[in-house]
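Me: I am new to this structure, and I would like a close look at a single part of it. Please choose one spot and lead me outwards from there.

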Amino acid sequence: MPSWDERFRAGEYPQDPDPDPLLERAVDAFPGGRALDVATGTGRNAVFLAGEGYRVDALDQSRAGLEITRENARERGVADRLELVQTDVPSHAFPESRYAVITISFYRALDRLADITAALEPGGYLFVQHHLRTTDAVERGPSTDRYRFAANELLRACLDLTVLHYDERTERRDGRRGATVRVLARNSTGQRQSYPEIPSP
């Protein structure tokens with residue numbers, strides 16, 4: 001099986017992917033501060049958040065992915081806002097209460113999710129999107145269910161936070177059909193809270 005470095009260098013994954021529309025619509029509601037992009041890949045979220053004014057720690061095990069992220073950030077004039085960290089997410093030491101925003105796109109970090117959410121500041125936001133297990137014919141994502149989320153699995157994992165948006169759906173991205181899940185949640189508690197106004201699509 002090719003390594004992630006080989007996959008990124010071969011162009012198997014989009015070299016300059018757009019962030020998810022939900023993240024784009026919600027970003028104005030996020031507090032200022034530092035952001036973390038877990039398993040950044042080629043910088044889908046990290047470069048976007050840097051463009052929105054955040055100082056971003058972008059984590060990935062792939063040097064090739066981080067090099068592409070750096071180039072994408074350089075082209076947009078935001079390379080000085082990115083801290084690229086080559087690390088293995090399963091063993092990474094996440095600091096507590098450091099980040100205003102944490103994003104994870106297309107990486108199944110369930111085993112580390114408690115540590116990742118502990119890295120949120122009070123009132124900080126978590127955005128996660130990933131592939132779902134499905135009976136439908138799909139062309140995107142892992143070839144087996146091992147690295148996909150089951151129905152409601154991500155939702156249950158986020159119930160210590162205030163879930164502001166959750167969906168499971170079939171979508172077409174980069175010309176291929178896939179089944180995906182998204183969650184947007186805030187590090188807040190209480191039966192009576194303020195809720196952000198997020199524009200509809």
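Reply: Let's start with a term: two residues are in contact when heavy atoms of theirs lie within 4.5 Å. This is a predicted model, where local features need pLDDT of at least 70, side-chain atom pairs count only at pLDDT 80 or more, and totals for chains, interfaces and linings use all residues. Residues are numbered from 1 along each chain as its sequence is written, and side-chain values use heavy atoms, with hydrogens and water left out. As for pLDDT, the predictor's confidence in each residue from 0 to 100, the protein has a mean of 92, and 92% of its residues reach 70 or more.

Our spot is Ser105, which sits in strand S4. Strands (E, at least two residues) and helices (H or I, at least four) are DSSP runs numbered from the N terminus. With a relative accessible area of 10%, Ser105 is buried; that word means under 20%, while exposed means over 50% and partly exposed in between, using a 1.4 Å probe and protein chains only. Leaving out residues up to four places away in sequence, Ser105 touches Val38, Ala39, Arg44, Asn45, Phe127 and Gln129. With one of these, Asn45, the side chain of Ser105 makes a polar contact of 2.8 Å. Such a contact is a pair of N or O atoms within 3.5 Å; within protein, one must be able to donate a hydrogen and the other to accept it, and residues adjacent in sequence count only if both atoms are side-chain atoms.

Now follow Val38 outwards. Val38 is among the residues with the most contacts inside the largest nonpolar core, along with Phe94, Ile102 and Leu154. A nonpolar core is a set of buried Ala, Val, Leu, Ile, Met, Phe, Trp, Tyr and Cys residues joined through side-chain atoms within 4.5 Å, and this one has 25 residues. At least two residues each come from S1, S4, helix H5 (113-118), strand S5 (120-131) and strand S7 (176-186). The most generous is S7, with four.

Phe94 meets Val38 directly: setting aside neighbours within four places in sequence, its contacts also include Leu36, Leu59, Val89 and Ile116. Separate from this core lies another of 24 residues, including Phe30, Phe48, Ala73 and Val78.

One last word on confidence: strand S1 (residues 34-38) has the highest mean pLDDT among the elements, 98, whereas helix H1 (residues 4-9) has the lowest, 63. Where pLDDT is low, the predicted coordinates should not be read in detail.
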